[in-house]
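Work through the exercises below with the sequence and the model open. Each task is followed by a solution in steps.

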Amino acid sequence: MSLKKLLISLSLAAGFLGNVTAHAETMAEGIAAEQHAWAKGRYSLPEDKREDYFAQLQTRAHDFALRFPNQAAPLIWEGIITATHAEYQGIFSARGTAREARDLLLKAIAIDPNALDGAGLLTLGALYFKVPRFGSFGDDDKAREYLQRALKVDPDNVDANYFYGEFLLEQGDKSGALMYLIKAVHAAPRPGRRDADEGRHAAALALLIKAQQ
């Protein structure tokens, strides 16, 4: 290969790697922005403002995920935001939105079930026990399966321990619930997730106190 061709080849390779790095940084920054926006809506915004807020956030999350096809993380956060939006909708609208969240999360875990410390598995588990049974939705066996899989990915995760504790409490397993809720209360804070962790720790403590009564 001539020196000129070699230099051109190296230049193209460097440009390609630079684009990959920028792409990755942009996705990471976008995910971080969605995480903070979700925490703000979930824990700081008045409840009567949350439906409209999460509807707008869901649209932005969908547009963001389209920029990164076949990537699990943006789909997971679109699924989380969509599932949260469903919580603040009326029952008839919420059903369709919950199904949409489920389908997004199933697509995400098919790509990478371990992405974002198992957040896709965790959110699916929460959906399956929180959404009332109708049609093909609402399934305690599936809820247990996905929540346990999430705990295997990250046993110390505050969200995984909180939701599995909540699930066990609803199943009547009070002693099991207490074990996971205590672990959630004492879970170490995650880098860059202080706003979400403060809210989740408070929720875990409130549920723990309720479970001990």
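Helices (H or I, at least four residues) and strands (E, at least two) are DSSP runs, numbered from the N terminus. By this rule Leu178 is in helix α8. This is a predicted model, in which local features need pLDDT of at least 70 and side-chain atom pairs count only at pLDDT 80 or more, while totals for chains, interfaces and linings use all residues. Residues are numbered from 1 along each chain as its sequence is written, and side-chain values use heavy atoms, with hydrogens and water left out.

**Exercise 1. Find what Leu178 touches, leaving aside its neighbours within four places in sequence.**

Step 1. Contact means heavy atoms within 4.5 Å.
Step 2. Under that cut-off, Leu178 is in contact with Leu208, Ala211 and Gln212.
Step 3. For a C-alpha distance, take Glu166: Leu178 lies twelve residues from it in sequence and 9.1 Å from it in space.

**Exercise 2. Classify the ring pair Trp38 and Trp77.**

Step 1. Rings of Phe, Tyr and Trp (its six-membered ring) pair if their centres lie within 6.5 Å; planes under 30 degrees apart are stacked, over 60 edge-to-face, and the rest tilted.
Step 2. Searching the whole structure gives ten aromatic pairs.
Step 3. In one of them, the centres of Trp38 and Trp77 are 6.1 Å apart and the planes are at 70 degrees, so the pair is edge-to-face.
Step 4. Trp38 belongs to helix α1 (residues 3-43) and Trp77 to helix α3 (residues 72-87); they are 39 residues apart, and the pair links distant parts of the chain.
Step 5. Both Trp38 and Trp77 are buried, where buried means under 20% relative accessible area, exposed over 50%, and partly exposed in between (1.4 Å probe, protein chains only).

**Exercise 3. Do the same for Phe129 and Phe167.**

Step 1. At 5.4 Å centre to centre and 65 degrees between the planes, Phe129 and Phe167 form an edge-to-face pair.
Step 2. Phe129 sits in helix α5 (residues 115-130) and Phe167 in helix α7 (residues 158-170), 38 residues apart.
Step 3. Phe129 and Phe167 are both buried.
Step 4. Together with Tyr164 and Tyr180, they form one aromatic cluster.

**Exercise 4. Describe the length and surroundings of α7.**

Step 1. The expected span of a helix is 1.5 Å times one less than its number of residues.
Step 2. The 13 residues of α7 should therefore span 18 Å, and its end C-alpha atoms are 18 Å apart, which agrees.
Step 3. Eleven of the 13 residues are buried, so α7 is largely enclosed by the rest of the structure.
Step 4. The buried residues of α7 pack against α5, α6 (140-153), α8 (174-185) and α9 (194-212).
Step 5. At the N-terminal end, Asn157 caps α7, with a side-chain oxygen 2.8 Å from the backbone nitrogen of Asp159.
Step 6. After α7 comes Gly172, whose phi is positive, near 90 degrees.

**Exercise 5. Where do the buried residues of α2 fall, seen down its axis?**

Step 1. In α2, Arg50, Tyr53, Phe54, Leu57, Gln58, Ala61, Phe64 and Ala65 are buried.
Step 2. These buried residues fall within an arc of 135 degrees, so they line one face of the helix; the arc is that of the directions from the helix axis to the C-beta atoms.
Step 3. On the other side of α2, Asp52 and Leu66 are exposed.

Conventions: Polar contact = N/O pair within 3.5 Å; in protein donor to acceptor, adjacent residues only side chain to side chain.
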